[in-house]
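Colleague: Could you take me through this model and show how one reads a core, a helix and a domain boundary from it?

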Amino acid sequence: MTGEPTTGDQLYARHRAVLPDWLALYYQRPIEITHGEGRHVWDADGNRYLDFFGGILTTMTAHALPEVTKAITEQAGRILHSSTLYLDRPMVDLAERVAHLSGIPDARVFFTTSGTEANDTALLLATTYRRSNQILAMRNSYHGRSFSTVGITGNRSWSPTSISPLQTLYVHGGVRGRGPFAGLSDAAFIDACVADLEDILGQAHGNVAALIAEPVQGVGGFTSPPDGLFAAFREVLDRHGILWITDEVQTGWGRTGDHFWGWQAHDAAGPPDLLTFAKGIGNGMSIGGVVARAEVMNCLSANSISTFGGSPVTMAAGLANLNHLVEHDLQGNARRVGGLLIERLRAACAGLDGVREVRGRGLMIGVELVEPGTGDPAPEAASAVLEAAREGGLLIGKGGGHNSSVLRIAPPLSLTVAEAEEGADILEAALHTAALNTTQSGRSVG
Ligand code: PMP
């Protein structure tokens, strides 16, 4: 798939000339995806790929899901858009479903057009409600690219500025196995994180508005804290009246298999005060949103409108997608097929010194690469595996702190067992091509 000039080469040059340099692009020769079906996509040169990353970014359930296409087409044929100044039936319908599913009592829902705007709104609500601009966030977290969300993003390499409207206090808990908390048992890790939280709160200036956290860190490399961490945090937060915002932009809608939301792995934490969602629910249409207790949602006194949030075409797509997800028990599918895939990948990586860990929940699986011998992060190896997997016809993602040495696997939730096996075979071959097997090559290659 390399060598000959592709139609993408020209487009890439035009992209570079007109779009920002900081817009990340995958692959040395980036791909132009022209169509998709089920768990597959095709590029402009006719190459077909099994999509093991689009499940978070582009399609939660399946590419070109007929019900979603039909819902969009029918709604577009009636009216494309009406704005929040008028009653919007699909928005009310989806809000009722999301409010019910959120687990938050007396829930209100506000729709946005992205995860960034959802978190931005959650921060506006929490800081207004608590009359404080102090926010607790997790180290290594990612919450978006607006002024307020880059300000709290713990992975500073994803944040272009140190200037922020918010005062952020960072806490441990998202990443295990690195730094001072490495090697601790679950219980000792939780105790250490709670002590860290108490310590940082002791340094705060009066009220703290909220803790915002991803239940499984997404861009951070699919790292999960032990179950129960957020329940232990909640006790401390409640003592101080601090709100808990769970960022479910990657973990929502059953992706983690055992739970519909990531926060539910920490059941005793109770429902969060605010929950943000985006990405998958629209199956590619731009839907984001915030769910909050009515008291918190209604703390804003100024009248407002959202021109595009809740647009009927996106809401119709969201409803059709959610119906499909529930009717086909895709959460259960994520649990079953994700469980098989993780086992299969663990077996494939067992002899590889360049793989530190295969981890995950449901269809959210991370493969962490390291330099054999030193155990240092191996970003060049991760890039090499990404390229080799693409050559083999498989798209995957990467992430994990500033070193980006974790392969991220998040296929559409309808992934079949046969596709899971096919993808695992391609990935196994890609890992070998990238010479992670040190018994053969002696080092990982970039
Ligand atoms: N929160 C999390 C956890 C995310 O992973 C992302 C996107 N990677 C965002 C928020 C921002 O979402 P969006 O790109 O839709 O603005």
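**Reading the core, a helix and the domain contact**

Modeller: This is a predicted model, and a convenient place to start is Leu-243, which, once its neighbours within four places in sequence are left aside, is in contact with Ala-126, Tyr-129, Arg-130, Ala-209, Ala-210, Asp-273, Leu-274 and Val-296.

Colleague: Which residues have the most contacts inside the largest nonpolar core?

Modeller: That core has 117 residues, and those with the most contacts inside it are Ala-126, Ala-210, Leu-211, Leu-243, Leu-274, Val-385 and Ile-396. Its largest share, eight residues, comes from α10, and the core draws at least three residues from each of domain 1 (7-60 + 329-442) and domain 2 (66-328).

Colleague: How does one check the span of helix α10?

Modeller: One takes 1.5 Å a residue, so the 16 residues of α10 (residues 312-327) should span 22 Å, and the end C-alpha atoms are indeed 22 Å apart, which agrees. Of those 16 residues, 13 are buried, so that the helix is mostly covered, and α10 is followed by Asp-329, whose phi is positive, near 45 degrees.

Colleague: How many residues of domain 1 are in contact with domain 2, and which element gives the largest share?

Modeller: The contact joins 28 residues of domain 1 to 26 residues of domain 2. On the domain 1 side, the largest share, five residues, comes from α11, and the residues of that side divide into eleven nonpolar, eleven polar and six charged. The C-alpha centres of the two domains lie 25 Å apart.

Key. Residues numbered from 1 in each chain as written. Predicted model: local features only at pLDDT ≥ 70, side-chain atom pairs only at ≥ 80, totals over all residues. Domains from an automatic or database assignment. Contact = placed C-beta atoms within 7 Å. Helix = DSSP H or I, 4+ residues; strand = E, 2+ residues; numbered from the N terminus. Nonpolar A, V, L, I, M, F, W, Y, C, P; charged D, E, K, R; others polar. Expected span 1.5 Å × (residues − 1). Buried ≥ 20, exposed ≤ 12 C-beta atoms within 10 Å, placed from the backbone. Core = buried A, V, L, I, M, F, W, Y, C linked by C-beta atoms within 7 Å.
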